[in-house]
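Here are some short exercises on strands, pairing and packing. Have a go at each task with the model open, then compare your route with the worked solution.

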Amino acid sequence: FEAARRDQAVASVTRWAGGDRADVYLSSRRAMVMPVALELRWADGKTERRALPIEMWNLGPRFVYRVATPKTLAGVTVDPDRDYPDVDRANNAWPR
């Protein structure tokens with residue numbers, strides 16, 4: 001038996017040149033995978049929540065979440081309510 005640990009992270013965020021899309025690079029850095037609760041914070045101060053299914057990790061430990069929007073992202077947080085155990089919360093937000 002083994003006790004799996006969880007560490008989901010926002011690796012980085014990039015904005016496409018046309019200004020109509022942002023890519024949020026997520027990673028699962030430990031053996032345990034869980035769904036992702038994602039909070040997007042916009043430059044105008046508004047926030048939005050997205051729920052990503054656990055099946056996204058079937059593709060591997062890295063995932064790119066594409067956000068189609070003309071708005072500018074000011075911040076991204078994984079598990080903003082701290083519902084899941086995470087061994088390193090320092091990498092749960094962008095910018096750090």
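**Exercise 1.** Find the bridge partner of Ser27 in β5, then place the two strands in their sheet.

*Solution.* This is a predicted model, so let us begin with a look at confidence. The mean pLDDT of the protein chain is 92, and 98% of its residues reach 70 or more.

Step 1: Ser27 has Arg62 as its bridge partner in β5.

Step 2: Widen the view to the strands. β2 and β5 run antiparallel and are joined by 7 bridges.

Step 3: Add the remaining strand. The order β1-β2-β5 makes an open sheet of 3 strands with antiparallel pairing. Both β1 and β5 stand at the edges with a single partner strand each, so one side of each has no neighbour in the sheet. From one strand to the next, the twist averages 20°.

**Exercise 2.** Which strands does β3 pair with, and through how many bridges?

*Solution.* Step 1: Take β4 to begin with. 6 bridges link β3 to β4, and the two run antiparallel. For a landmark, look at Glu39, whose bridge partner in β4 is Arg49.

Step 2: Inspect the turn. The hairpin of β3 and β4 has 4 residues between the strands, and Gly45 there takes a positive phi near 95°.

Step 3: Now go to β6. This strand also runs antiparallel to β3, with 5 bridges joining them. Here Leu38 is matched with Val78 in β6.

Step 4: Compare confidence. Strand β4 (residues 47-52) has the highest value, a mean of 97, while β1 has the lowest, at 94.

**Exercise 3.** Is β3 largely enclosed or left open by the rest of the structure? Relate your result to the largest nonpolar core.

*Solution.* Step 1: Count burial, taking buried as under 20% relative accessible area. In β3, 5 of the 7 residues are buried, so the strand is largely enclosed by the rest of the structure.

Step 2: Turn to the core. The largest nonpolar core has 17 residues, and those with the most contacts inside it are Val24, Leu26, Val36, Leu38, Leu73 and Val76.

Step 3: Trace the contributors. β1, β2, β3, β5 and β6 each give two or more residues to this core. The largest share, 4 residues, comes from β3.

Step 4: Zoom in on Leu73. Leaving aside residues up to four places away in sequence, Leu73 touches Val13, Ala22, Val24, Leu40, Arg41, Trp42 and Trp94.

Notes:
Residues numbered from 1 in each chain as written. Predicted model: local features only at pLDDT ≥ 70, side-chain atom pairs only at ≥ 80, totals over all residues. Heavy atoms only, no water. Core = buried A, V, L, I, M, F, W, Y, C linked by side-chain atoms within 4.5 Å. Buried < 20%, exposed > 50% of the residue type's maximum accessible area, 1.4 Å probe, protein only. Contact = heavy atoms within 4.5 Å. Pairing = 2+ DSSP bridges. Axes fitted to C-alpha atoms, helices over the stretch in contact; angles between N-to-C directions. pLDDT = per-residue confidence, 0-100.
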